[in-house]
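Morning, everyone. I'll walk through one model today, residue by residue and then chain against chain. Have the viewer open.

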Protein chains: 2
Amino acid sequence: MSIIADPVTEETLSAREARQPSSKVAFFGEDEPLRLDGGRTLSPFHIAYETYGELNADKSNAIYVCHALTGDQYAASPNPVTGKPGWWSSLIGPGKPVDTDRFFVVSSNVIGSCMGSTGPASVDLRTGLPYALDLPVLTIGDMVRAQAMLIDRLGIDQLFAVIGGSMGGMQVLQWTVAYPERVFAALPIATGARHSSQNIAFHEVGRQAVMADPDWRGGHYLQHGTRPHKGLAVARMAAHVTYLSQAALHRKFGRNLQDRDRLGFGFEADFQIESYLRHQGMTFVDRFDANAYLYLTRAMDYFDIAAEHGGRLADAFRGARTRFCLVSFSSDWLFPTQESRAVVHALNANAASVSFVEIATDKGHDAFLLDEPEFTGAVQGFLSSAAKARGLL
Amino acid sequence: MSIIADPVTEETLSAREARQPSSKVAFFGEDEPLRLDGGRTLSPFHIAYETYGELNADKSNAIYVCHALTGDQYAASPNPVTGKPGWWSSLIGPGKPVDTDRFFVVSSNVIGSCMGSTGPASVDLRTGLPYALDLPVLTIGDMVRAQAMLIDRLGIDQLFAVIGGSMGGMQVLQWTVAYPERVFAALPIATGARHSSQNIAFHEVGRQAVMADPDWRGGHYLQHGTRPHKGLAVARMAAHVTYLSQAALHRKFGRNLQDRDRLGFGFEADFQIESYLRHQGMTFVDRFDANAYLYLTRAMDYFDIAAEHGGRLADAFRGARTRFCLVSFSSDWLFPTQESRAVVHALNANAASVSFVEIATDKGHDAFLLDEPEFTGAVQGFLSSAAKARGLL
């Protein structure tokens, strides 16, 4: 099932947004514009989100879950597009580490994305056409500013916790820097305080792959009824390799052949890793908007907390009272442990409350999405102890 | 200057091959077919090559230099296409580690490539059109078999040494396995006895990028006067990131901006790494044929010495009398040191003469092309000692 496989016109776009089967949507009208880091504003805009569990009487048990680059609001409920379980259903649910019997979980689609929040495929009311590249370039700061407006709307002053991995972890860090008094506990996972040169490089490869596809049409593919499926699939394939470790690829695929007897001496997929990647690319284009991919990779590339604080990361966390638990994975080469350590050092320089766990695994960056007992145990332990400190018994 | 920028017809193709300004070309007619690992034969075919220095009277001082994926025969003389110095001119020349005052150096363009040897852009005499994908898929074994026919033609029984990095290193290993008695000394650099799953994955991304370009035309772009420049540029960009280390990218580019004052909040190249990659992509397409890129990446992916020896690498080197020196670079994540070590262990199991040097550098895989004193020193030392053992004084 695909909600974006057909040529999409203005009409079907609006229909698509309305069609998000289960999402709540918060609309922010022209009286509530979103101020953007690039100097412009976004207005009107809307945020699609899911909630799990119940908000308690004094609104002190809310946990904000931030998703990664191609994630969505369906953290703990089935994704209506793919039919798959929520992407963090190993972590979130009744009796799970993020226990929805105790906590009220909010999970929203970031602005700039394509699962119901305002993004480049949304209709620009000034023109009646999809924004395409006329949507202002967004930052992680912009995403989090929009999220803060959502929790205002929900009447929540302080979040008990903010949690997320990869681009989600960037949002967690941004929350603690932009709204330190609104975050009691923070769990930035498999992330860093800035995007590295190598990561920017891989993102740029992906963007160029999308923009090289003639069906991209300078970004105006929705109007033309085309889709840059081939370019976006190549972008996804390149990115997907970076989410896995050399060891995981070797263990999972090695040099195993599709046809176990022999090489094909052609350019079809001979090796299982080739079929796997092609499949990853092909299924991705059914669920993701190409321009949204450009916007979100750009937001990650722009992320650099220290740069916004005179070049000193420690200054960003001055007086931090949030409790932190950073998690990295030993085989993650996209956000290697040293990136988490740099944040830990900056927090230590401010005598902040911080714990740090490096999980030994060969599963690479994607490990934060997997059911790794050591990882889920660390999340559970940190949240339990923070809940006690917060008086959430 | 570009020799492949214009639409190429059968006529201009022949003209192009004839035009290779300085290369010697060895032609092998229908009486000398090249037997291929895939079961077919290639005939007629030709090999473009360069030589440096003089062959001595007993023909015992020849060194075969094998090039990497996008290399060519211009190892120590200016490349007529790019105008740049030979790609290994830091290593090869009078008084240099590969001393052309002492040694006779042969450097050929591999078959399947596009710098004068038979490849997918060559004319298939059966049709009068470029081979495109009708050229049989080639292997590293096929390349080396052709090279052996070239040294037969030159009247050389035994090579004093074979040397090469990356795909060139694969050829070196293949030489020692296929023609052990014809190689006195071998220098496989930054390479391995098989291509890893991760490396196959990155190659597949590149091939898909080329084939996604509508100007590729199912491989028949030469006939149609188009070129898949965009797809090939994306492939090159993705590959280029893997040739550098995280540390080298950080040192060289970090998050430096093109316009040092501010982010552009658009999709132009903001970061220097983006401009650098785009430049790498754009200049590559002027000098390289897209189908050749498909064929050569495929050859590397197929490479697996152990698989051809019952799965045991040690069995491939049984009775080896060649002297080996393996070189790896500490920050090379495409061919990490462990890949060289696996070859060393296999040679040790055969009590072969083997030395192994891991060069400490942050320059990644590309270090083998750079003028790294520790590296050039190791090459010089090994060749000198081997020359003494060979009685070349």
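Start at B:Leu244. It is buried, with a relative accessible area of 11%. This is a predicted model, so keep that in mind throughout. B:Leu244 sits in the loop between α6 and α7 of chain B. What does B:Leu244 touch, leaving aside neighbours within four places in sequence? Within chain B, the contacts are B:Leu249, B:Tyr276, B:Trp333, B:Lys363, B:Gly364 and B:Asp366. From chain A comes A:Gln198. Look at B:Trp333 in that list. B:Leu244 and B:Trp333 are 89 residues apart along the chain, yet their C-alpha atoms are separated by 8.4 Å.

A:Gln198 takes us across to the other chain. So, the interface.

How many residues does each chain put into the contact? Chain B gives 56 residues, and chain A gives 56 residues. The buried area between them is about 4,800 Å². Carbon and sulfur atoms give 67% of that area. Three residues stand out on the chain B side: B:Arg255, B:Phe265 and B:Phe267. Together they supply 18% of the area that chain B buries against chain A, more than any other three residues.

Now the polar side. Between chain B and chain A, 34 residue pairs are in polar contact, counting pairs with both residues at pLDDT 80 or more. Which elements of chain B carry the contact? Those giving two or more residues are α4 (197-212), α6 (229-243), α7 (246-252), α8 (272-287) and α9 (290-302). The top contributor is α4(B), with twelve residues. As for salt bridges, the rule finds ten across the interface. One salt bridge joins the side chains of B:Asp304 and A:Arg255, at 3.0 Å from N to O.

How do the two copies relate? A turn of 180° with a shift of 0.0 Å along the axis lays chain B on chain A, with an RMSD of 0.0 Å. That is the relation of a two-fold axis. And 100% of the interface residues of chain B are also interface residues in chain A, so the copies meet through the same surface.

Next, cysteines. Over all chains, there are zero disulfides. A:Cys66 is in none, and its nearest cysteine sulfur, in A:Cys325, is 15 Å away. Why is there no bond from A:Cys325? Its closest cysteine sulfur, that of A:Cys66, is 15 Å off, and that is too far. For reference, the cut-off is 2.5 Å between sulfur atoms. Both cysteines count as buried: A:Cys66 at 1% relative accessibility, A:Cys325 at 2%.

A:Cys66 leads to A:Trp87, since the two are in contact. A:Trp87 lies in the loop between β5 (62-66) and β6 (92-93) of chain A. Buried or exposed? A:Trp87 is buried, with a relative accessible area of 18%. Beyond its sequence neighbours, A:Trp87 contacts residues including A:Val65, A:His67, A:Tyr74 and A:Leu369. A:Asp72 is another of its contacts. The backbone oxygen of A:Asp72 lies 2.8 Å from a polar atom of the A:Trp87 side chain. A:Ser77 is ten residues from A:Trp87 in sequence, and 8.2 Å away C-alpha to C-alpha.

A:Asp72 and A:His67 come back in the next neighbourhood. Both are among the residues that A:Asn109 touches. So are A:Ile47, A:Gly71 and A:Cys114. A:Asn109 sits in the loop between β8 (104-108) and β9 (123-124) of chain A. At 1% relative accessibility, A:Asn109 counts as buried. A polar atom of its side chain is 3.0 Å from the backbone nitrogen of A:Met115.

Last, backbone geometry. A cis peptide bond joins A:Ser43 and A:Pro44, omega about -10°. A:Pro44 is in the loop between β3 (41-42) and β4 (45-52) of chain A. In chain B, the bond from B:Ser43 to B:Pro44 is cis too, omega near -10°.

Two residues to check on a phi plot. B:Ala132 is not a glycine, but its phi is positive, about 50°. Its place is the loop between β10 (129-130) and α2 (140-153) of chain B, and it counts as buried at 3% relative accessibility. B:Ser166, not a glycine either, has a positive phi of about 60°. B:Ser166 lies in the loop between β11 (159-165) and α3 (167-178) of chain B. It is buried, at a relative accessible area of 6%.

That's the tour. Questions, please.

Technical notes
Residues numbered from 1 in each chain as written. Chains lettered and ligands numbered in written order. Predicted model: local features only at pLDDT ≥ 70, side-chain atom pairs only at ≥ 80, totals over all residues. Heavy atoms only, no water. Least-squares fit on C-alpha atoms with pLDDT ≥ 70 in both. Contact = heavy atoms within 4.5 Å. Buried < 20%, exposed > 50% of the residue type's maximum accessible area, 1.4 Å probe, protein only. Buried area = accessible area lost by both parts, 1.4 Å probe. Salt bridge = Lys/Arg side-chain N within 4 Å of Asp/Glu carboxyl O. Polar contact = N/O pair within 3.5 Å; in protein donor to acceptor, adjacent residues only side chain to side chain. Helix = DSSP H or I, 4+ residues; strand = E, 2+ residues; numbered from the N terminus.
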